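Trainee: Could we go through this protein together, from its overall build down to individual side chains?

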Amino acid sequence: MERQPARTLWYDRPKYVFMEFCVEDSTDVSVLIEDHRVVFSCRNGDGVELYNEIEFYAKVNSKDSQDKRSGRSITCFVRKWKEKVAWPRLTKEDIKPVWLSVDFDNWRDWEGDDEMELAQVEQYAEMHTSHSTHVEIRRL
């Protein structure tokens, strides 16, 4: 069986870029966040292998980036190397893969957004530590 990409939503914030890999009942989850790309793989509830490799629009701080897993998705919050610089797209290349979409429910103007962004990151971190789901995370 051939692997396929997971549907991915993303949105931009002053300090972070958020990505959500939309996979229900995921197993064998692996998230590799590097300074210029993310590599994601898992199996969905039907056993289909999903794989995404995304070269980022700009450099990120992989050491200050995290992810969390829920029953419906795996969310990554990736710290930008240059804060307060808007990303017009997630990918380095000016392409639009069919599996990648802007998360318009979370996309908004940045004005006064720093406190909300910090609260969101802290909420994700708290949820991540309060659940005992194991996700393999490797950072280079």
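What follows is a set of questions and answers on the fold, the core and selected side chains.

Mentor: Before you begin, note that this is a predicted model, in which local features need pLDDT of at least 70 and side-chain atom pairs count only at pLDDT 80 or more, while totals for chains, interfaces and linings use all residues. Residues are numbered from 1 along each chain as its sequence is written, and side-chain values use heavy atoms, with hydrogens and water left out.

Trainee: In what order do the elements of the protein run from the N terminus on?

Mentor: Helices (H or I, at least four residues) and strands (E, at least two) are taken as DSSP runs, numbered from the N terminus. On that basis the protein has 1 helix and 9 strands. From the N terminus on, the order is β-β-β-β-β-β-β-β-α-β.

Trainee: What is the strand order of the open sheet of 5 strands?

Mentor: Strands count as paired if DSSP finds at least two bridges between them, and S1 (residues 7-12) and S2 (residues 16-22), for instance, run antiparallel and are joined by 6 bridges. One of the bridge partnerships sets Arg 7 against Cys 22 in S2. The pairing in the sheet as a whole is mixed, and its strand order is S6-S7-S2-S1-S8.

Trainee: Which are the edge strands of that sheet?

Mentor: An edge strand here pairs on one side only, and the two concerned span residues 60-69 and 100-102. They are strand S6 and strand S8.

Trainee: Which residues have the most contacts inside the largest nonpolar core?

Mentor: A nonpolar core is a set of buried Ala, Val, Leu, Ile, Met, Phe, Trp, Tyr and Cys residues joined through side-chain atoms within 4.5 Å, where buried means under 20% relative accessible area, exposed over 50% and partly exposed in between (1.4 Å probe, protein chains only). The largest such core has 24 residues, and S2, S3, S4, S5 and S7 each supply at least two residues of this core. Those with the most contacts inside the core are Met 19, Val 31, Val 38, Phe 40, Phe 56 and Leu 90.

Trainee: Where is Trp 81 found, and which residues is it in contact with, leaving aside neighbours within four places in sequence?

Mentor: Trp 81 is found in the loop between S7 and S8, and it counts as partly exposed because its relative accessibility is 46%. Although Asp 35 is 46 residues away from Trp 81 in sequence, the two are 8.6 Å apart in space, C-alpha to C-alpha. With contact meaning heavy atoms within 4.5 Å, and with neighbours within four places set aside, the partners of Trp 81 are Lys 59, Val 60 and Asn 61.

Trainee: Is Arg 79, which forms a salt bridge with Asp 64, buried or exposed?

Mentor: A salt bridge is a side-chain nitrogen of Lys or Arg within 4 Å of a carboxyl oxygen of Asp or Glu, and Arg 79 meets Asp 64 in one at 2.7 Å, N to O. That pair links Arg 79 in strand S7 to Asp 64 in strand S6, 15 residues apart. Glu 83 also forms a salt bridge with Arg 79, the closest N and O atoms being 2.4 Å apart. At 18% relative accessibility, Arg 79 counts as buried.

Trainee: What is the distance between the closest N and O atoms of Asp 28 and Arg 43?

Mentor: Asp 28 is exposed, with a relative accessible area of 58%, whereas Arg 43 is partly exposed at 33%. The two form a salt bridge in which the closest N and O atoms are separated by 3.8 Å.
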